[in-house]
Amino acid sequence: MPFSLCFIGGGNMARSLIGGLLARGTTADDIIVADPFESARQAVAEQFGVRTTADNIEAVRTARTVILAVKPQEMRNVTIAIADSLAPECLIVSVAAGIKASDIRRWAKDRAVVRCMPNRPALQGSGMTALYATQDARSDARARAEAILKAVGSTLWVTEESHMDVVTAVSGSGPAYFFLLIEMLEQAGVQLGLTREVAHQLAVETAYGSGLMAREASESPATLREQVTSKGGTTEAALKHLEAHNVRAIFADAVAAAARRSSELAQQFGTP
Ligand SMILES: NC(=O)c1ccc[n+]([C@@H]2O[C@H](COP(=O)([O-])OP(=O)(O)OC[C@H]3O[C@@H](n4cnc5c(N)ncnc54)[C@H](OP(=O)(O)O)[C@@H]3O)[C@@H](O)[C@H]2O)c1
């Protein structure tokens with residue numbers, strides 16, 4: 001039976017995508033998952049009813065779209081090994097952090113590539129994914145890649161691949177910044193006398209509500225911040241302290257460090 005969607009790697013990201021796709025009407029018969037580990041194959045087959053195999057080459061043969069969902073350090077060897085078995089018009093979709101589309105295209109013997117940078121909340125169906133396509137990816141192939149990633153959240157396209165390092169630093173690593181903020185807010189509440197449970201709930205729900213507001217509101221985040229900061233009030237006292245300690249410059253430097261690291265990883269796992 002021909003499978004049009006093939007996942008190489010049956011880990012967390014693949015499972016989230018498969019769950020999202022099935023919920024949106026893709027049939028399990030259309031999907032095959034290749035993973036060398038029996039336990040991963042069994043988990044995917046039981047959870048989703050899709051076919052699995054340990055043989056990457058068998059899996060890709062009839063696929064119109066191959067989704068590479070292995071760790072960045074595996075990408076080169078995995079792609080080179082399947083290259084001769086890919087259909088000529090096959091689209092490669094990569095979710096691996098830091099691996100350049102031009103490297104994948106070369107390893108895949110010139111198949112069109114869409115490189116994606118999803119983030120952790122994709123595992124909950126609330127991800128943010130940026131996509132970048134090689135020049136030769138046709139519009140129907142781009143639409144196919146976008147539909148796959150839309151199954152786990154929101155998507156946008158970037159037109160320059162160098163921007164993927166910045167995307168990685170902003171939205172790829174971004175969840176960790178927000179988790180840190182929740183952690184710090186919770187800890188501050190505890191230090192000021194709240195129980196852990198109370199401080200945790202206050203911090204998490206405040207993050208959730210603020211995220212929703214920032215997403216839905218027509219005002220900018222700066223305006224929303226000003227609207228909750230009355231002159232001489234409690235919020236102003238906290239924000240003045242943060243600004244006096246250069247929180248903006250520290251944050252900008254931190255995000256720049258992440259972007260630099262993304263570019264270094266691309267060098268490390270990329271060419272030849
Ligand atoms: N999870 C996220 O939040 C997230 C966010 C953004 C991007 N990504 C990207 O998504 C990719 C996958 O991440 P993940 O979190 O899903 O990782 P994961 O859970 O470790 O999944 C990778 C899967 O691929 C399997 N695998 C390893 N070598 C293989 C091979 N030669 N052929 C076929 N399958 C192979 C792994 O098996 P073993 O575990 O036994 O090695 C594992 O089941 C990574 O490149 C990552 O950069 C993930």
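How many of the seven residues of strand β7 are buried? In this predicted model, the count is six, so the strand, which spans residues 127–133, is mostly covered, buried here meaning under 20% relative accessible area. Strand β7 also has a partner on record in two other strands, β6 and β8. With β6 (residues 113–117), the pairing is antiparallel and rests on four bridges. Val 114 sits opposite Ala 133 of β7. With β8 (residues 153–157), β7 runs parallel, and five bridges hold the pair together on paper. Here Ala 130 has Leu 156 of β8 as its bridge partner. The link between these parallel strands involves helix α6 (residues 139–150): taken in order, β7, α6 and β8 form a β-α-β unit, and its hand is right.

Turning to the ligand, 23 residues surround it, and those that come nearest are Met 13, Asp 35, Phe 37, Val 70 and Val 95. Asp 35 turns up again among the polar pairs: an N or O atom of its side chain is 2.7 Å from an oxygen atom of the ligand. The backbone joins in too. An N or O atom from the backbone of Asn 12 lies 3.0 Å from a ligand oxygen atom, and for a backbone N or O atom of Ala 97 the distance to an oxygen atom of the ligand is likewise 3.0 Å. On its own the ligand has 880 Å² of accessible area, and the protein covers 79% of that.

Helix α1 (residues 12–23) is where Ser 16 is placed. Is Ser 16 buried or exposed? Ser 16 counts as buried because its relative accessibility is 12%, and the cut-off for that label is under 20%. Residues up to four places away in sequence aside, Ser 16 touches Ala 122, Leu 123 and Val 152.

Two residues stand out for their backbone angles. Most residues other than glycine have a negative phi. Lys 109, however, has a positive phi near 55 degrees without being a glycine. Lys 109 belongs to the loop between α5 (101–107) and β6, and its relative accessibility of 48% makes it partly exposed. Asn 246 is the other case: its phi is positive, at about 60 degrees, and again the residue is not a glycine. Asn 246 is also a loop residue, lying between α11 (234–244) and α12 (247–269).

That leaves the region around α8 and α9. Which residue does the side chain of Glu 186 meet in a polar contact? The partner is Arg 196, side chain to side chain, at 3.0 Å. Glu 186 is part of helix α8 and counts as buried because its relative accessibility is 11%. With neighbours within four places in sequence set aside, Glu 186 is in contact with Arg 196, Ala 199, His 200 and Ala 203. Leu 194 comes from the loop between α8 (174–191) and α9 (196–216). Leu 194 is partly exposed, since its relative accessible area is 38%. Beyond its neighbours within four places in sequence, Leu 194 has contacts with Gly 189, Ala 199 and Leu 202. Ala 199 thus appears in the contact lists of both Glu 186 and Leu 194.

Terms used
Residues are numbered from 1 along each chain as its sequence is written. This is a predicted model: local features need pLDDT of at least 70, side-chain atom pairs count only at pLDDT 80 or more; totals for chains, interfaces and linings use all residues. Side-chain values use heavy atoms; hydrogens and water are left out. Buried means under 20% relative accessible area, exposed over 50%, partly exposed in between (1.4 Å probe, protein chains only). Two strands pair if DSSP finds at least two bridges between them. A crossover is right-handed if, with the strands pointing away from the viewer, the path from the first strand over the helix to the second runs clockwise. A residue is near a molecule or strand if one of its heavy atoms lies within 4 Å of it. A polar contact is a pair of N or O atoms within 3.5 Å; within protein, one must be able to donate a hydrogen and the other to accept it, and residues adjacent in sequence count only if both atoms are side-chain atoms. Accessible areas come from the Shrake-Rupley method with a 1.4 Å probe; for residues, only the protein chains shown count as cover. Contact means heavy atoms within 4.5 Å.
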